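Colleague: Got a minute to walk me through this one? I have some questions about how the pieces sit together.

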Amino acid sequence: MRLLRSDGDYSIQFGSEELMGSCDHVSEEALATLTCQRLGHRDGNVLIGGLGMGFTLGAALAAWSARSSIIVAELVPKVVTWAGGPLAHIFRDHLADPRLTIEIGDVHNVIGASKDRFDAILLDVDNGPDGMIRPENERIYCNWGLRSALGALKPGGMLAIWSAYPAEEFGPKLEDVGFEVEEVRVPAFTGSEREFHHIWFAQRVR
């Protein structure tokens, strides 16, 4: 994983794939904002999988109340180092927010160790619902991994998963483990009418 800079723009890349860029982040912010809107309340415990450049985190801090708690599980320690170094101007004061805890580790393990804990789980750890970053991430998106996420949510809680591409089979997979599912297309960048990212909102109804 590499951090690249071109003029004033930054990109986090894995091999030849861009995982996050500083230019286009409207859909990453929507991951948090639209989840909070769908829950209908601003208090809660939130888990974010993947720190990236902090756009989902920043939107979550703005959306949820001062009484909330937000955990970010980040697998790669140097991503956190970048956040406090060359990307500090992008993160602003987010890392100092008292609601925030950063855990270095696999979000799958945090989910698996939790029961009826979270109001929302926001996942942006790959470019979609498959283990692109490492094969072990397939555990997050397989049936038993999704059942773990269902159990980690409070009744009424929501799992939201970001993707750069559509995956027609993923919505039914979420429904098979007991979620109520909504898939939303979000412009890939402000003003886009042709390029879209995708978010699945999967709610535990009981």
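Colleague: How are α1 and α2 oriented to each other, roughly parallel or roughly antiparallel?

Modeller: Bear in mind that this is a predicted model. The axes of α1 (residues 26-39) and α2 (residues 55-63) come within 7 Å and cross at roughly 25 degrees. Angles under 35 degrees count as roughly parallel. So α1 and α2 are roughly parallel.

Colleague: And what is the mix of nonpolar, polar and charged residues in the contact of α1 with α2?

Modeller: From α1, the contact draws on Glu28, Glu29, Leu31, Ala32, Thr33 and Cys36, while α2 brings Phe55, Thr56, Ala59, Ala60 and Ala63. Sorted by type, these residues come to 7 nonpolar, 2 polar and 2 charged.

Colleague: Is the crossing of α1 and α2 left-handed or right-handed?

Modeller: Handedness depends on which way the near helix is turned from the far one, and clockwise counts as right-handed. For α1 passing α2, the crossing is right-handed.

Colleague: Zooming out, what radius of gyration does the protein chain have, and how does that fit the globule rule?

Modeller: The protein chain has 8 helices and 10 strands. For 206 residues the globule rule gives 17 Å, and the chain comes close to that, so it is as compact as a globular protein of that length; its radius of gyration is 16 Å.

Colleague: What share of the residues in the protein chain count as buried?

Modeller: Buried here means under 20% relative accessible area. Of the 206 residues, the share that passes is 52%.

Colleague: Which elements do the buried residues of α7 pack against?

Modeller: In α7 (residues 143-152), the buried residues are Gly145, Leu146, Ala149, Leu150, Gly151 and Ala152. Their packing partners are α5 (107-112), β7 (118-123), α6 (138-141), β8 (153-163) and α8 (170-176).

Colleague: Phi of aspartate 7 is a positive value. Where does aspartate 7 lie, and is it buried or exposed?

Modeller: Most residues other than glycine have a negative phi, whereas aspartate 7 has a phi near 55 degrees. Aspartate 7 lies in the loop between β1 (2-6) and β2 (9-14). Exposed means over 50% relative accessible area, so aspartate 7 is exposed at 74%.

Colleague: Arginine 92 has a positive phi too. What is the relative accessibility of arginine 92?

Modeller: Phi of arginine 92 is about 55 degrees, although it is not a glycine. Its place is in the loop between α4 (88-91) and β6 (100-104). Arginine 92 counts as exposed, because its relative accessibility is 64%.

Terms used: Residues numbered from 1 in each chain as written. Predicted model: local features only at pLDDT ≥ 70, side-chain atom pairs only at ≥ 80, totals over all residues. Heavy atoms only, no water. Axes fitted to C-alpha atoms, helices over the stretch in contact; angles between N-to-C directions. Helix = DSSP H or I, 4+ residues; strand = E, 2+ residues; numbered from the N terminus. Parallel < 35°, antiparallel > 145°, perpendicular 65-115°, else oblique. Contact = heavy atoms within 4.5 Å. Nonpolar A, V, L, I, M, F, W, Y, C, P; charged D, E, K, R; others polar. Buried < 20%, exposed > 50% of the residue type's maximum accessible area, 1.4 Å probe, protein only. Rg over C-alpha atoms; globule rule 2.2 N^0.38 Å.
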